[in-house]
Amino acid sequence: MNNQGTLLVVSGFSGAGKGTVIKELLKEHDNYSLSISATTRKPREGEQDGREYFFKTKEEFEDMISRGRFLEHAQYVNNYYGTPRDYVEEQIKANRNVILEIESVGALNVKKIFPEAVLVFITPPDADELEKRLRGRGTEDEETIIARLRKAAKESEGVEKYDYIVINDTVKECAVCIDDITHRKEDVLAECSADNADNIKVINQIRQDLKNINLRRVIYVTSIIFRINGSCKQQSRRRRTGSSTEPLLNCQGDSRESKADYRCKIS
Ligand code: 5GP
């Protein structure tokens, strides 16, 4: 069977492990070419320009957009990401399987340009595992982790538009599964189809859990703001009524500290 020349678009939640799965696929098979994207995000520790990404400034990236150098591009958590057009077109002409590891807006745009592209969405088995993997990387600060979890909740809405959903329980199995999809193995195509009821169930559960995780965060942050505000109001009331000769309390930072300070000073 001629299995070459597939344009394979791989997406997945941030932290789904898609980078590791793709590395495994490239290690085990030599008929895949990985497209290297350009991005304005800063390199993470260990990343090299031209290997993981072509790292660009915002100005350089916008210049490439205006010169039509991208097959597609999108913004993801405050940064640009784009697929350089030339490489992909060359590899397709050379009849190789080309992998694009890109987020969902870009993936759906590629499908418009190349309807024969195969769209695969990789997901961890559940949302807790997703958060654990995202934190386990240790490469992002808390603000970015929260933004990526929020983005994951949004991305989970578009998963049905993909052709296949692959659950990343183990890296090896996941890579084999993607290779089987490229080779059009019928049993795997049926098992991984985005229409398969079991896959829809997993995605629906993750979608719900991500919403709950994000909601818990909003409640937590709001309660901190309320506690800090409450503590500050008490201080200013005491200052207005002249009932304290104590210096200003520190109302910034951790609210528990502010409360502890407050108790200490009025006792
Ligand atoms: P990261 O910052 O974690 O490397 O990537 C963030 C997201 O951007 C991931 O979902 C990744 O798949 C996506 N991404 C990487 N390169 C591209 C690209 O060229 N185009 C688009 N649309 N998304 C990309």
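Is glutamate 131 buried or exposed? I'll start there and then go through a few of the salt bridges. Keep in mind that this is a predicted model.

Glutamate 131 counts as buried, at 13% relative accessibility. Its side chain meets that of arginine 135 in a salt bridge, 3.2 Å from N to O. Arginine 135, at 32% relative accessibility, counts as partly exposed. Both residues sit in helix α5, which covers residues 127–136, and because they are 4 residues apart, about one helical turn separates them.

Helix α2, residues 58–66, has a pair with that spacing of 4 residues, about one helical turn: lysine 58 and glutamate 62. They form a salt bridge in which the closest N and O atoms are 3.6 Å apart. Here lysine 58 is partly exposed, at 47% relative accessibility, and glutamate 62 is partly exposed too, at 32%.

Next, a pair from distant parts of the chain. Lysine 18 forms a salt bridge with glutamate 101, with 3.9 Å between the closest N and O atoms. The two residues are 83 residues apart, lysine 18 belonging to helix α1 (residues 18–28) and glutamate 101 to strand β7 (residues 97–101). Lysine 18 is buried, with a relative accessible area of 14%, whereas glutamate 101 is partly exposed at 30%.

Last, a network. Salt bridges link Arg41, Arg44, Glu47, Glu140 and Arg148. For the whole model, the count comes to 18 salt bridges.

Key: Residues are numbered from 1 along each chain as its sequence is written. This is a predicted model: local features need pLDDT of at least 70, side-chain atom pairs count only at pLDDT 80 or more; totals for chains, interfaces and linings use all residues. Side-chain values use heavy atoms; hydrogens and water are left out. A salt bridge is a side-chain nitrogen of Lys or Arg within 4 Å of a carboxyl oxygen of Asp or Glu. Buried means under 20% relative accessible area, exposed over 50%, partly exposed in between (1.4 Å probe, protein chains only).
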